[in-house]
Amino acid sequence: MAKVKTSYFCQKCGYNSPKWLGRCPSCGEWNTLVEEVISSGEPEKGKWRNTGSAGAKPRLLSQISRAEKYRIITEDEEFNRVLGGGLVPGSLTLIGGEPGIGKSTLMLQLALSLTDYNVLYISGEESEQQIKMRAERLPVHSERCYVLTETSTDLIFKHIELIEPDVVVIDSIQTLVSPLLDSGAGSVSQVKECTAEIMRFAKESDVPVVLIGHITKEGSLAGPKVLEHMVDTVLQFEGDRFMTYRILRTIKNRFGNASELGIYEMLSNGLRQVSNPSEILISEKTENLSGVAIAAMIEGNRPLQIEIQSLVSTANYGTPQRSSNGFDLRRLQMLLAVLEKRGGFRLGTQDVFLNVAGGLKVDDPAIDLAVCCSLVSSYEDAVIPHSVCFSAEVGLGGEVRPVSRIEARISEAAKLGFEKIYVSRNNLKGINTDHFNIAIRGVGKLEEVFAELF
Ligand code: TYD
Ligand code: MG
């Protein structure tokens, strides 16, 4: 079989070499040369390859009919949400995550829950028997799910033509090989070429394809960054392997909001959707602990109540420690400085540990006020009532500042049974607070909150 012509290109400066080199002679970077196809030896290989068709013509944007395509709404509400409302026909979705986090389980469960569609689940990682065993653990069952254990894209496309699936799942992109290239599965050029072939297939056939991808040690999707540019949607499946909660996060989405969040719990019979995440993000309300404060935050489109815990204790040795889990450490240091300077709390001599419950990483500025209250609560050893939550940013002058979408935050807090929410006074201008079933306290300064609570 005639092979394609390849050459090595530096990913930093674009230097071209016919041979692989460890170090780019042009820019001096190490390990940046990557094999790329320059011309394909056989133009006539399979239906979905770039055959240079001259099909498309320029058209006026105003003359293109919108033809809003229907989406495939899955049974999985969390998955629909992160996709922006279901699978878009012809879209290519990439799901990344560390090994063992549950990507294969999530996708098999999805494949089996789409009982109205022909689904083709292609696996290069597991045998048919292994997939069968996994499927037997899951609570869903479908008569229309085909399983294929194949890695060559040529053969995969042949089977796709035979079965004509409505949805295709591929586990994983790193196991696929295109016969056009010599390099091994998982190499940069293979991953790129296979993704490009699948992309062409998806666009031409209007079949949505979901790709599973592995994550490297550094935390990025293995294979080149180009993979993220090529696909329509990038989702990340994350969580602590030793905890049961998993978070599916949108990184990029051409068809919806790019900061959505889906939450699952890994059980012995598959993944359970957690539709009310506040239930897991707020720990048991039995004990009265100091240092606990609840923040009303928003992640993507979704209001969440989240528990902030802190421990402030006298530093016995040398420099006091500051440690933070799930919250930006610099932001914590800034808030400590504000409390010290504006509130007169002597925190400089204290060890400070801060933890966001549930292993979530948060960066919504609206949790500032909860962080401050949690710190002072621990420092003063005074318990904040469970019925109180907070939603405001804190400025360098100790002023309590407004945050976006306050009404959504307030109504979520009311829905979950909180009795009082502290927000910025400036946030309440022009908002009718009467119809909320919760006491809303607008404040201007940190001192006002502390005076009421401690
Ligand atoms: P897996 O989906 O294979 O992860 P990935 O494809 O991301 O590498 O599953 C990972 C873990 O999930 C594995 O350790 C076993 C566990 N698991 C459950 O806890 N319950 C289940 O129902 C299944 C199928 C797996
Ligand atoms: Mg897997």
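# Notebook: looking through a predicted chain

I began with the surface: the accessible area of the protein chain comes to about 22,000 Å², and 49% of that belongs to carbon and sulfur atoms. A note to self before going on: this is a predicted model.

**Entry 1, the whole chain.** I looked up the secondary structure and found 11 helices and 21 strands in the protein chain. Next I checked burial: of the 454 residues, 48% are buried. I also looked at contacts between residues at least 6 apart in sequence, and 66% of these join residues at least 24 apart.

**Entry 2, helix α2.** How many residues of α2 are buried? I got 11 of 11 for this helix, which spans residues 103-113, so I put it down as mostly covered. Going through the names, I noted Leu106, Met107, Leu108, Leu110 and Leu112 among the buried ones. Lys103, Ser104, Thr105 and Gln109 are also on the buried list, and so are Ala111 and Ser113.

**Entry 3, strand β7.** I picked Val169, which I found in strand β7. Its relative accessibility is 1%, so Val169 counts as buried. I then asked which residues Val169 touches, leaving out those up to four places away in sequence. My list reads Met107, Leu120, Tyr121, Ile122 and Val210. Met107 was already in my notes as a buried residue of α2. For Ile122 I also looked up the spacing: it is 47 residues from Val169 along the chain, while their C-alpha atoms are separated by 6.0 Å.

**Entry 4, just after β7.** Which kind of peptide bond joins Asp171 to Ser172? I found a cis bond, with omega near -5 degrees. Ser172 sits in the loop between β7 (167-171) and α5 (188-205).

**Entry 5, two aspartates with positive phi.** I looked at Asp206, in the loop between α5 and β8 (209-214). Its phi is near 65 degrees, a positive value in a residue other than glycine. Asp206 has 35% relative accessibility, so I wrote it down as partly exposed. Then I turned to Asp381, in the loop between α9 and β17 (388-391). Phi of Asp381 is near 55 degrees, again positive in a residue other than glycine. Is Asp381 buried or exposed? Exposed, because its relative accessible area is 59% and the cut-off for that word is over 50%.

**Entry 6, α8 against α9.** I checked how α8 (residues 329-343) packs with α9 (residues 368-380): the angle is about 60 degrees and the axes are 10 Å apart. That angle makes α8 oblique to α9. The crossing of α8 past α9 is right-handed. On the α8 side I listed Arg331, Leu332, Leu335, Leu336 and Leu339 as making the contact. On the α9 side, the contact residues are Asp368, Val371, Cys372, Leu375 and Val376. Sorted by class, the contact has 8 nonpolar, no polar and 2 charged residues.

**Entry 7, following Leu339.** I stayed with Leu339 of helix α8. It counts as buried, because its relative accessibility is 1%. What does Leu339 contact, leaving aside its neighbours within four places in sequence? I found Cys372, Leu375 and Val376 among its partners, three names that I had also listed for α9. The other names I wrote down are Gly344, Phe345, Leu347, Leu446 and Phe450. Last lookup: Gly398 is 59 residues from Leu339 in sequence, and their C-alpha atoms are 7.4 Å apart in space.

Conventions:
Residues numbered from 1 in each chain as written. Chains lettered and ligands numbered in written order. Predicted model: local features only at pLDDT ≥ 70, side-chain atom pairs only at ≥ 80, totals over all residues. Heavy atoms only, no water. Buried < 20%, exposed > 50% of the residue type's maximum accessible area, 1.4 Å probe, protein only. Helix = DSSP H or I, 4+ residues; strand = E, 2+ residues; numbered from the N terminus. Axes fitted to C-alpha atoms, helices over the stretch in contact; angles between N-to-C directions. Parallel < 35°, antiparallel > 145°, perpendicular 65-115°, else oblique. Left-handed = near helix turned anticlockwise from the far one by under 90°. Contact = heavy atoms within 4.5 Å. Nonpolar A, V, L, I, M, F, W, Y, C, P; charged D, E, K, R; others polar. Areas by Shrake-Rupley, 256 points an atom, 1.4 Å probe, with all protein chains shown as cover.
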